[in-house]
Amino acid sequence: MSAPHLSIDALLDDPGVGVIVCCGSGGVGKTTTAAALALRAARRGRNVCVLTIDPARRLAQSMGLTELDNTPRLVPGIEGGRLSAMMLDMKRTFDEIVLAHSDADRAQAILDNPFYQALSSSFAGTQEYMAMEKLGQLKAQSATGEHWDLIVVDTPPSRSALDFLDAPKRLGSFLDGRLIRVLAAPARGAGRMSARVINASLGLFTGAMSKILGGQVLRDVQLFVTSFDALFGGFRERAEQTYSQLQAPDTRFVVVAAPEPDALREASYFVQRLEAEQMPLAGLVLNRVQQVRLPELTAATARAGAERLAGEHSLVAELLRLHADRMETAARQTHLARSFTGAHPRVPVATVIALADDVHDLDGLTEVGDLLAQD
Amino acid sequence: MNVSKRAPNWSRVRLHVVSGKGGTGKTTVAAALALALAKGGKKVLLLEVEGRQGIAQLFDTPPLPYQESKVAVAEDGGVVYALPVDPEDALLEYLEMFYGIKRGGYALRKLGAIDFATTIAPGVRDVLLTGKASEAVKRGEKINRPAYDAVVMDAPPTGRITRFLNVNTEIAGLAKVGPIRSHADSVMGVIRSARTAVHLVTLLEEMPVQETLDGIADLQAAGLPLGAVIINQSRHSELSAQELAMAATSSLPADELRSGLRAAGIDPTEPVLAAMIDEAADHAARVALQDSERERLAACGLPLLELPLLSGGVDLAALYSLADALTDQGLPG
């Protein structure tokens with residue numbers, strides 16, 4: 001069973017595609033894939049903006065991203081179309097939202113709050129949420145001023161690819177949750193729970209929290225929640241809006257994986273989730289695939305040949321063992337890819353062979369782009 | 001093959017924290033390390049803190065519950081137990097242990113308080129996870145019968161490890177006094193001591209090596225105890241330096257290739273020769289990259305341990321062979 005082919009150029013050229021989101025688990029080459037797709041689209045004449053999350057230093061430099069200023073900068077020397085690139089600064093993006101929605105004094109009170117600082121710099125889902133916020137900002141910016149035909153988004157290096165989809169909602173529902181409501185304004189927080197239950201639970205909660213964290217912490221939380229609430233009204237609503245932009249008809253997801261069990265399992269979860277949420281999946285990019293030269297010389301024949309040399313011709317014996325290793329690696333990867341395709345027979349796949357060296361310049365990105373687009 | 005000949009001395013280390021860039025195989029390495037440490041009849045606890053059940057998958061068992069379960073045995077009666085630490089359960093356990101709050105757990109959960117404490121209160125989640133590790137290390141110490149000879153933690157990736165381990169600094173920004181603060185301080189007592197070693201797993205590739213070097217600098221600046229750099233998926237080469245140089249420039253002696261192939265019973269046709277030469281060139285480029293990256297790592301002064309790339313993938317047999325590779329390099333030291 002072979003998977004349908006993911007035609008990268010058809011995807012990049014499609015005027016109906018305005019956003020490409022690259023997702024996958026950590027260490028599979030998402031950033032490189034996003035940058036390579038963006039560069040290729042620009043060379044093919046589109047006006048592209050790429051939002052990278054945490055690019056390797058030299059790759060960032062090669063795209064002119066020498067400072068983290070949280071706005072797209074034109075990459076010089078691209079022929080065909082235009083390419084702008086930016087790196088996400090999650091804390092700054094969060095700060096900007098606060099500043100944009102509030103007067104200076106109130107904004108300062110929030111920015112100084114230790115809970116806000118923790119939330120904006122270290123909360124596990126903030127980076128994912130801010131990536132989506134930034135995408136929203138870029139889309140708005142594209143509609144009103146600087147226009148981009150295509151925005152390519154890299155996603156944060158989380159362990160699980162689903163974090164990107166779940167974190168904003170988790171953050172939203174947390175900030176908008178019952179506990180926060182109760183803390184912020186006990187009088188109107190009752191909801192479906194009876195006042196007695198609320199009070200009993202709240203007493204238990206504040207008791208426990210004071211014991212564990214100390215009373216000062218609780219006061220900081222209350223202050224944080226009240227000012228945040230005044231600022232955003234409903235955080236959940238905002239998170240939902242941000243989330244729903246991923247369901248826009250011009251959005252496509254590209255799931256990136258390496259031919260390893262963990263990465264493909266995550267990819268499979270993600271594909272199922274995209275289907276469930278009716279988010280359009282363009283296909284799977286399978287990176288770092290072992291290239292096979294001379295498939296007709298099987299691993300078994302090569303190994304038997306090396307054995308037969310019994311200490312003679314050490315050079316050839318080693319080359320035969322290397323060939324056998326490559327064949328076995330390739331066979332294992334093919335098997336893993338087949339399992340994925342067995343579960344998701346309609347998901348188009350593009351494979352990229354493993355390169356000897358890391359990609360850290362535009363030439364390298366061009367090469368990856370060529371490999372991605374190969375039939 | 002070891003650039004650094006300084007054999008690691010971990011005789012006093014009880015807590016092994018294994019971190020590394022995503023995709024470098026740190027869960028595999030943590031499991032192999034646990035197996036290596038369990039040899040000789042030792043009892044080792046393998047902790048997972050990122051809720052992915054990666055350990056269960058590696059050891060080919062159903063998802064593990066929040067309790068210490070036996071997952072593997074090692075020679076002479078050694079045993080590896082595994083525990084996926086869930087912050088919520090750790091918090092409830094903590095509340096029960098220190099405050100006798102037992103039945104409140106459900107109400108707290110319903111109200112979102114558990115969510116709150118484990119997700120937003122900065123450092124609380126981390127202190128619960130590291131706290132579980134330090135509790136396992138200290139368990140039984142007072143009666144001179146430690147529950148575990150060693151605890152191995154499959155920790156968060158390099159980018160987050162310093163913040164994760166430096167819990168009391170995180171907590172300090174939030175709680176100047178109070179029980180969580182003293183709990184954090186006592187956890188730090190274990191983490192900063194000679195009882196702990198932080199190991200970083202890397203591949204011999206540019207980005208993981210850079211991240212490892214950055215991670216080492218961060219950990220050192222934070223005063224956290226470093227263990228070894230564990231190189232994973234290293235490609236071994238039997239070729240001599242001269243052969244590698246010829247391979248790199250596709251100038252291997254064609255006559256020798258032909259006669260060698262013939263002796264091996266393989267017809268040395270042009271496509272076969274071309275493929276051998278191409279593969280040899282790939283291999284030489286790979287080895288050269290590995291050598292230069294290994295040199296960059298050696299400059300950091302930490303012991304380097306090296307694990308081979310397994311072309312057949314990682315299964316239980318492979319884990320044991322990786323554990324043997326660690327033992328061969330002087331572990332447990």
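Which elements of chain A each supply at least two residues of the lining of the second largest pocket? They are β7 (281-289), α15 (314-343), β8 (349-353) and α16 (362-373). This is a predicted model, and the briefing below takes you through that pocket, a helix contact between chains A and B, and a sheet in chain B. Helix α15(A) is a good one to keep in view, since it turns up in the pocket lining and again in the packing against α12 of chain B.

**The second largest pocket**

- The space in this pocket comes to about 620 Å³.
- Its lining counts 29 residues, and those nearest the centre are A:Leu286, A:Val289, A:Ala337, A:Val349 and A:Thr351.
- Helix α15(A) gives the largest share of the lining, with seven residues.
- Sorted by class, the lining holds 18 nonpolar, nine polar and two charged residues.

**Where α15 of chain A meets α12 of chain B**

- Helix α15(A) packs against helix α12 (residues 254-263) of chain B at an angle of about 70 degrees, and their axes are 8 Å apart.
- Because angles of 65 to 115 degrees count as roughly perpendicular, α15(A) is described as roughly perpendicular to α12(B).
- On the chain A side, the contact involves A:Leu315, A:Val316, A:Leu319 and A:Leu320 of α15(A).
- Facing them from α12(B) are B:Glu256, B:Leu257, B:Gly260 and B:Leu261.
- Taken by class, the residues of this contact are six nonpolar, one polar and one charged.

**The sheet of chain B**

- Chain B has an open sheet of eight strands with mixed pairing, and following the order across it you meet β3-β4-β2-β5-β1-β6-β7-β8.
- The edges are taken by β3 (69-74) and β8 (304-308) of chain B; each has a single partner strand, so one side of each is left without a neighbour in the sheet.
- From one strand to the next, the twist averages 25 degrees.
- Within the sheet, β2 (residues 43-48) and β5 (residues 150-154) of chain B run in the parallel sense and are paired over five bridges.
- In that pair, B:Glu48 has B:Asp154 of β5(B) standing opposite.

**Helices on the sheet**

- Helix α6 (residues 124-138) of chain B packs on the sheet and touches β1 (15-20), β2, β4 (78-84) and β5 of chain B.
- The direction of α6 makes about 165 degrees with that of β5(B).
- Helix α10 (residues 206-221) of chain B lies across β6 (196-202) and β7 (226-234) of chain B.
- Relative to β6(B), α10 runs at about 160 degrees.

How values were computed:
Residues are numbered from 1 along each chain as its sequence is written. Chains are lettered from A and ligands numbered from 1 in the order in which they are written. This is a predicted model: local features need pLDDT of at least 70, side-chain atom pairs count only at pLDDT 80 or more; totals for chains, interfaces and linings use all residues. Side-chain values use heavy atoms; hydrogens and water are left out. Two strands pair if DSSP finds at least two bridges between them. Helices (H or I, at least four residues) and strands (E, at least two) are DSSP runs, numbered from the N terminus. Axes are lines fitted to C-alpha atoms, for helices over the stretch in contact, and angles run from 0 to 180 degrees between N-to-C directions. Contact means heavy atoms within 4.5 Å. On a 1 Å grid over the protein atoms alone, a cavity is a set of points where a 1.4 Å probe fits but cannot get out, and a pocket is an open set with protein on both sides within 12 Å along at least five of seven lines; lining residues have an atom within 4 Å of a point. Grid points are joined across faces, edges and corners, and a volume is the space filled by probe spheres set on the points. Ala, Val, Leu, Ile, Met, Phe, Trp, Tyr, Cys and Pro count as nonpolar, Asp, Glu, Lys and Arg as charged, and the others, Gly among them, as polar. Angles under 35 degrees count as roughly parallel, over 145 as roughly antiparallel, 65 to 115 as roughly perpendicular and the rest as oblique.
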